[in-house]
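Q: Please take a close look at the charged side chains in this model and how they pair up. After that, I'd be glad if you followed the thread to the ligand and to a few other local details.

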Amino acid sequence: MGKVIVVTSGKGGVGKTTSTANLGTALALIGKTVVVIDADVGLRNLDVVMGLENRIVYTSMDVIDNRCELTRALVKDRRVEGLTLLAASQKNNKDDIQPEQMKAICEELRSNNDFVLVDSPAGIESGFRNAAAGADEALVVTTPDVSAIRDADRITGLLQHEGVEPINLVLNRLSPEMVRKGNMVSKDDVVALLNLNLIGVVPEDRGVISSTNRGIPLVHDNSSQAAQAYMRIAKRLTGQRIPIPEIREKGFFSNILEWFSGNR
Amino acid sequence: MNQPLAGVSVHIDVQAPLLSEADLAALKLELQDTYGMVVRGINIADKTGDSAASQVVERPRASRPARGDIEKTRVVRETIRSGQTEDFPEGNLIIYGDVNPGGEVSAGGDVIVLGSLRGSAHAGMNGKLTAVIVAMNLVPLQLQIGNYISRPFVGQKSRGYPEIARVGMQDVIIVEEFVKR
Ligand SMILES: Nc1ncnc2c1ncn2[C@@H]1O[C@H](COP(=O)(O)OP(=O)(O)O)[C@@H](O)[C@H]1O
Ligand SMILES: [Mg+2]
């Protein structure tokens with residue numbers, strides 16, 4: 001019996017989809033069987049970030065409407081063993097799916113996969129409710145800014161109300177330089193306010209954007225700090241105890257190296 | 001009279017606790033009558049505990065029974081997060097956690113937060129002006145006692161000791177170090 005984990009945040013644009021794609025891939029890379037579900041019906045983009053857009057034939061809507069078997073709707077990621085995607089319909093909207101239907105899909109998928117990761121849409125309405133309906137656990141993603149933290153807090157209250165437990169925190173886009181200059185809330189202040197278990201800190205990394213655009217999750221190449229951070233979170237999700245290292249501020253030298261390697 | 005500051009709302013934050021409550025009241029009157037300013041609240045950074053302010057204060061709560069064991073009290077054993085509210089008009093409210101920004105707690109009597117109060121709290125919601133708000137770490141968005149409202153500055157730093165907010169003699173909310181009785 002696998003685990004169903006909803007990846008959520010309240011606020012949009014904080015890295016839910018990026019985290020789902022990278023953690024799904026990372027878990028598969030360490031030998032787990034994983035399904036990633038795009039629950040952002042109407043605005044799908046997990047398939048794009050994972051580079052699987054052109055392979056989608058069926059979506060969760062087709063499964064719900066009995067146009068297709070669940071297993072046939074899963075798109076296999078050919079780059080890594082054990083990773084599949086269930087896409088969201090672009091023609092429908094969030095209210096076309098009921099929480100029980102999402103729950104049924106999650107139940108069926110968890111019986112033959114180690115992990116089911118559900119990428120939640122922004123907001124606290126029906127889209128979020130659907131995404132969380134079948135979840136045992138949650139990853140709350142936030143960036144170190146006041147409005148994202150406020151929304152993460154709101155979502156945490158709703159998840160606790162639903163009995164989702166544990167709720168782990170992913171702090172994304174942390175920039176040590178910005179924290180040092182006082183332009184960002186520090187890691188410790190975020191954790192103190194949200195009072196959640198911090199499962200990982202992902203640094204601000206320009207490589208994320210280019211990987212998004214190429215449709216190749218960053219963790220396929222383990223060289224960046226962000227990729228390594230996602231690999232560690234994946235391992236922590238499997239129960240390994242790995243300390244959270246402080247994020248290094250990029251020095252002059254590594255900036256020059258990046259510049260020459262065109263990795264900007 | 002020319003009053004260029006008329007209507008400006010201010011919050012008096014006394015870092016050196018040398019003024020008595022009567023002095024503060026006079027200062028408030030001066031700001032209001034001479035300059036037309038609106039005094040929203042008074043903060044006394046009273047770390048030493050032996051300041052004139054805390055000695056001279058004539059506490060309105062003196063008339064209240066010292067033992068409150070007949071009052072109804074609700075104990076909430078969790079953090080009040082953004083978007084959540086906890087109302088207890090019948091009596092006092094004790095939170096065994098934090099009240100986060102966007103969270104709101106209200107009580108007919110006192111509000112006691114055994115963590116950080118970062119959101120909004122309303123004590124004496126039915127008009128009881130002797131009600132107080134106490135928090136281990138008091139960095140609220142808004143405090144209200146009866147119909148008096150105080151909006152401390154945003155980005156206020158925590159002082160590192162428990163504080164109490166109450167309505168002072170001059171009808172403003174006063175925040176100072178919590179000293180046991
Ligand atoms: N750690 C990061 N460093 C730099 N850019 C990031 C990082 N995480 C996310 N992004 C960028 O932020 C944008 C929003 O991310 P996305 O995962 O789509 O957010 P959400 O799904 O929460 O709306 C994307 O352009 C993505 O490339
Ligand atoms: Mg998204």
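A: Happy to. A pair in chain B makes a good start: R159(B) and E163(B) form a salt bridge, with 3.1 Å between the closest N and O atoms. How exposed or buried is each partner? R159(B) counts as partly exposed because its relative accessibility is 22%, a value that is not under the 20% cut-off for buried. E163(B), with a relative accessible area of 1%, is buried. Please keep in mind that this is a predicted model.

Over all chains, the structure holds 18 salt bridges. One of them belongs to chain A, where the side chains of D40(A) and K94(A) meet at 3.1 Å, N to O. D40(A) sits in the loop between β2 (34-38) and α2 (46-49), and K94(A) in the loop between β4 (83-86) and α5 (99-110), so this pair ties together parts of chain A that are 54 residues apart in sequence. The acid, D40(A), is buried because its relative accessibility is 10%, while K94(A) is partly exposed at 24%.

Another bridge is worth a look if you care about how the chains meet: R81(B) pairs with D153(A), and their closest N and O atoms are 2.8 Å apart. This pair crosses between chains, running from the loop between β3 and β4 (85-88) of chain B to helix α7 (residues 146-161) of chain A. Here both R81(B) and D153(A) are buried. Back in chain A, D62(A), D65(A) and R67(A) are linked in a network of salt bridges.

Charged side chains also take part in other polar contacts, and D110(B) is a nice example. This aspartate is found in the loop between β6 (104-107) and β7 (111-117) of chain B, and its side chain reaches the backbone nitrogen of V132(B) at 3.0 Å. D110(B) counts as buried because its relative accessibility is 9%. Its partner V132(B) lies in another loop of chain B, between β8 (120-123) and β9 (133-138), and is buried at 3% relative accessibility. V132(B) can also be placed against A107(B): the two are 25 residues apart in sequence, and their C-alpha atoms are 10.0 Å apart in space.

Now to the ligand. Ligand 1 has 16 residues around it, and those that come nearest are G13(A), K16(A), T17(A), T18(A) and N172(A). By class, this shell has 5 nonpolar, 7 polar and 4 charged residues. Which parts of the chain supply the shell? In chain A, α1 (16-29), β7 (167-174), β8 (197-203) and α10 (206-214) each give at least two residues to it.

Several polar contacts can be followed atom by atom. K16(A) places a polar side-chain atom 2.8 Å from an oxygen atom of ligand 1. R173(A) has a side-chain N or O atom 3.1 Å from a ligand oxygen. D205(A) takes part through its backbone, where an N or O atom lies 2.9 Å from a nitrogen atom of the ligand. Taken alone, ligand 1 exposes 570 Å², and the protein buries 83% of that.

R173(A) deserves a second look. This arginine belongs to strand β7 of chain A, and its phi is near 60°, a positive value in a residue other than glycine. R173(A) counts as partly exposed because its relative accessibility is 32%. Positive phi turns up at N195(A) as well, where the angle is near 55°; N195(A) lies in the loop between α9 (187-194) and β8 of chain A. For backbone geometry, also note the cis peptide bond from E165(A) to P166(A), with omega near 0°. P166(A) is in the loop between α7 and β7.

Finally, a contrast to all that charge: V75(B), Y96(B), L114(B) and M136(B) make a nonpolar surface patch of about 330 Å². Within this patch, V75(B) belongs to strand β3 (residues 73-76) of chain B and is partly exposed because its relative accessibility is 32%.

Technical notes: Residues numbered from 1 in each chain as written. Chains lettered and ligands numbered in written order. Predicted model: local features only at pLDDT ≥ 70, side-chain atom pairs only at ≥ 80, totals over all residues. Heavy atoms only, no water. Near = heavy atom within 4 Å. Polar contact = N/O pair within 3.5 Å; in protein donor to acceptor, adjacent residues only side chain to side chain. Areas by Shrake-Rupley, 256 points an atom, 1.4 Å probe, with all protein chains shown as cover. Helix = DSSP H or I, 4+ residues; strand = E, 2+ residues; numbered from the N terminus. Nonpolar A, V, L, I, M, F, W, Y, C, P; charged D, E, K, R; others polar. Buried < 20%, exposed > 50% of the residue type's maximum accessible area, 1.4 Å probe, protein only. Patch = residues over 30% accessible without salt bridge, like charges linked within 9 Å, V, L, I, M, F, W, Y side chains within 5 Å. Salt bridge = Lys/Arg side-chain N within 4 Å of Asp/Glu carboxyl O.
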